[in-house]
Amino acid sequence: MAVVGLSGRLARCYCLRAVRSSLCVPALQLHVSKTAMGASQKDFESAVNQVKLLKKDPGNEVKLKLYALYKQATEGPCNTPKPGLFDLINKAKWDAWNALGNLPKETARQNYVDLVSGLRSSSDSSSQVKPEADKKQAGYETLVITSEDHITKIMLNRPAKKNALNTQMYQEIMLALEAASKDDSTITVFTGSGDYYSSGNDLTNFTDIPPGGVEEKAKNGAILLRDFVDCFIDFPKPLVAVVNGPAVGISVTILGLFDLVYASDRATFHTPFSHLGQTPEGCSSYTFPKIMGLAKAVEMLIFGKKLTAGEAYAQGLVTEVFPDSTFEKEVWTRLKAYSKLPRNAMRISKQIIRNHEKEKLHAINAEESSILQERWLSDECVNAVMNFLSQKAKL
Ligand SMILES: CCCC/C=C/CC(=O)SCCNC(=O)CCNC(=O)[C@H](O)C(C)(C)COP(=O)(O)OP(=O)(O)OC[C@H]1O[C@@H](n2cnc3c(N)ncnc32)[C@H](O)[C@@H]1OP(=O)(O)O
């Protein structure tokens, strides 16, 4: 899939269209092996046909699962080369298949049959009221995604690395946002697992140099950054950050694109771009001065002043601060009440509030990404990253 080289927005549209079409019951485009024998094979073939007749689209997660089980059942364990980082669709499919490891073909066949049977019964009873059970969505490695009470919660889940955003996490977040924009939820919530909200960009992202060298690496990084931030600019539903602990770098800057930011009093907000030889992203060069005034934005974005939750609240970046001891309880009670508000009214209100700035934000995002592409090649940035990686420096 040719994502690289297309402009960010076009690439994202292309990519999301491709998710929808290429994951659309992929197993059905392949031939069923006629060599495997037995009743289970017959059930399997029948299940493959039944997928075509489902009344309701089962969603990308389930389609990925079906794809993986189909491949495992017909070809065995995944032994094809891993697609490139930016080949999002094929990588998602490869990851799903590869995650099945050495699952025997017979078991994969059976699991496929069971999954289709479950889908058929839920499809047949789709007019019934669905239970609001907390459901962890499969297929994500760096995120835990649950849907409950009309809230989709996207939890950054690399606590041992302080939820640093590696390339896979950026890509999974984009897929999760696309899915959340279409699901039944009324609001979408980001939070972190463990003691940090997020330590920002994973600095080891800079170490994996492609054959085209550091220039290609920087170019790919700028495309990824632009696509990632575009997803937040375009997200149609109310977006809430539940900032459970310290937040650094890009996890802070994109807060300017959120609709509500709730913070524990343990949270801090740090954008040490100059220290890292880098420059602001996430549209913060525009949103921060607008939110907090030029003087305070400069202190954060140029001089890297770390704000406490109370300071961030005083400057308008945070909606409300809660004591850490009661943070989860108070915030989720509030969000559950909000999630019962009429969905369309909230979505349309968000559009009215945000739409007239969208084009401007996309342009700012493009400019910030392209400036960073140059910065990542500078000695200032390379030295700062090397210092962190060689454990000579921390924030
Ligand atoms: C492609 C899009 C690019 C967009 C660009 C965005 C710009 C930014 O986001 S700039 C911000 C970058 N972030 C940092 O510079 C933070 C670096 N981390 C630290 O300074 C410290 O780890 C910390 C202050 C966040 C936490 O210190 P603490 O002593 O409490 O914990 P550690 O032992 O350092 O961390 C545990 C573990 O996690 C690893 N880690 C933490 N943050 C990052 C990170 N951002 N990138 C890579 N790895 C990180 C840390 O190395 C430790 O790993 P080990 O246990 O393996 O040693």
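**Strand pairing, domains and ligand shell in a predicted model**

Strands β6 and β8 (residues 268-270) run parallel to each other and are joined by two bridges. Within that pairing, Val 248 has His 270 of β8 as its bridge partner. This is a predicted model, and the pair belongs to an open sheet of three strands, ordered β6-β8-β9, with mixed pairing. The edges of the sheet are taken by β6 (247-248) and β9 (307-308); each has a single partner strand, so one side of each goes without a neighbour in the sheet.

Stepping back to the whole chain, there are 14 helices and 10 strands. Of the 395 residues, 42% are buried. Take the contacts between residues at least 6 apart in sequence, and 77% of them turn out to link residues at least 24 apart.

The domain assignment splits the chain into domain 1 (42-121) and domain 2 (143-393). Their C-alpha centres are 33 Å apart. Where the two meet, six residues of domain 1 contact five residues of domain 2. On the domain 1 side of that meeting place, four residues are nonpolar, two are polar and none is charged.

Then there is the nonpolar core. The largest one holds 98 residues, and the members that touch the most others are Tyr 112 and Ala 176. Both domain 1 (42-121) and domain 2 (143-393) supply at least three residues to this core. Leaving out residues up to four places away in sequence, Tyr 112 touches Phe 44, Ala 47, Leu 66, Leu 69, Tyr 70 and Ala 73. As a general point, nonpolar side chains in soluble globular proteins tend to be buried together.

Next come strands β2, β3 and β4. Strand β2 (residues 143-148) pairs with β3 in the antiparallel sense, through six bridges, and Ile 145 sits opposite Ile 154 of β3. On its other pairing, β3 (residues 151-156) lines up parallel with β4, again over six bridges. Two of the β4 partners can be named here: Phe 190 is the bridge partner of Ile 154, and Thr 191 is the bridge partner of Met 155. Ile 154 therefore turns up in both pairings, opposite Ile 145 on one hand and bridged to Phe 190 on the other.

How buried are these strands? In β3, six of the six residues are buried, so the rest of the structure largely encloses the strand. Ile 151, Lys 153 and Met 155 point one way from β3, while Thr 152, Ile 154 and Leu 156 point the other way, and all are buried. Strand β4 (residues 187-192) is likewise largely enclosed by the rest of the structure, because six of its six residues are buried. Both faces of β4 are covered, with Ile 187, Val 189 and Thr 191 buried on one side and Thr 188, Phe 190 and Gly 192 buried on the other.

The connection between β2 and β3 is a hairpin with two residues in between, and Asp 149 in the turn has a positive phi of about 55°. His 150 is also in the loop between β2 and β3, and its phi, near 60°, is positive in a residue other than glycine. For context, most residues other than glycine have a negative phi. His 150 has 18 other C-beta atoms within 10 Å, so it counts as partly exposed. Lys 162 offers another positive phi in a residue other than glycine, near 55°. That residue is found in the loop between β3 and α6 (167-182). Lys 162 counts as buried because it has 20 C-beta neighbours inside 10 Å.

Further along the chain, Tyr 338 is part of helix α12 (residues 327-338). It is partly exposed, since it has 16 C-beta neighbours inside 10 Å. Tyr 338 and Ile 151 are 187 residues apart along the chain, yet 9.5 Å separates their C-alpha atoms.

Finally, the ligand. Of the 22 residues around it, the ones that come nearest are Ala 164, Ser 199, Gly 200, Asn 201 and Gly 249. Helix α7 (residues 213-234) gives the most to this shell, with three residues. By class, the shell is made up of nine nonpolar, eight polar and five charged residues.

Key: Residues are numbered from 1 along each chain as its sequence is written. This is a predicted model: local features need pLDDT of at least 70, side-chain atom pairs count only at pLDDT 80 or more; totals for chains, interfaces and linings use all residues. Helices (H or I, at least four residues) and strands (E, at least two) are DSSP runs, numbered from the N terminus. A residue is buried if 20 or more other C-beta atoms lie within 10 Å of its own, exposed if 12 or fewer, and partly exposed in between; C-beta atoms are placed from the backbone. Two residues are in contact if their C-beta atoms, placed from the backbone, lie within 7 Å. Two strands pair if DSSP finds at least two bridges between them. A residue is near a molecule or strand if its C-beta atom, placed from the backbone, lies within 6 Å of it. Ala, Val, Leu, Ile, Met, Phe, Trp, Tyr, Cys and Pro count as nonpolar, Asp, Glu, Lys and Arg as charged, and the others, Gly among them, as polar. Domain bounds come from an automatic or database domain assignment. A nonpolar core is a set of buried Ala, Val, Leu, Ile, Met, Phe, Trp, Tyr and Cys residues joined through C-beta atoms within 7 Å.
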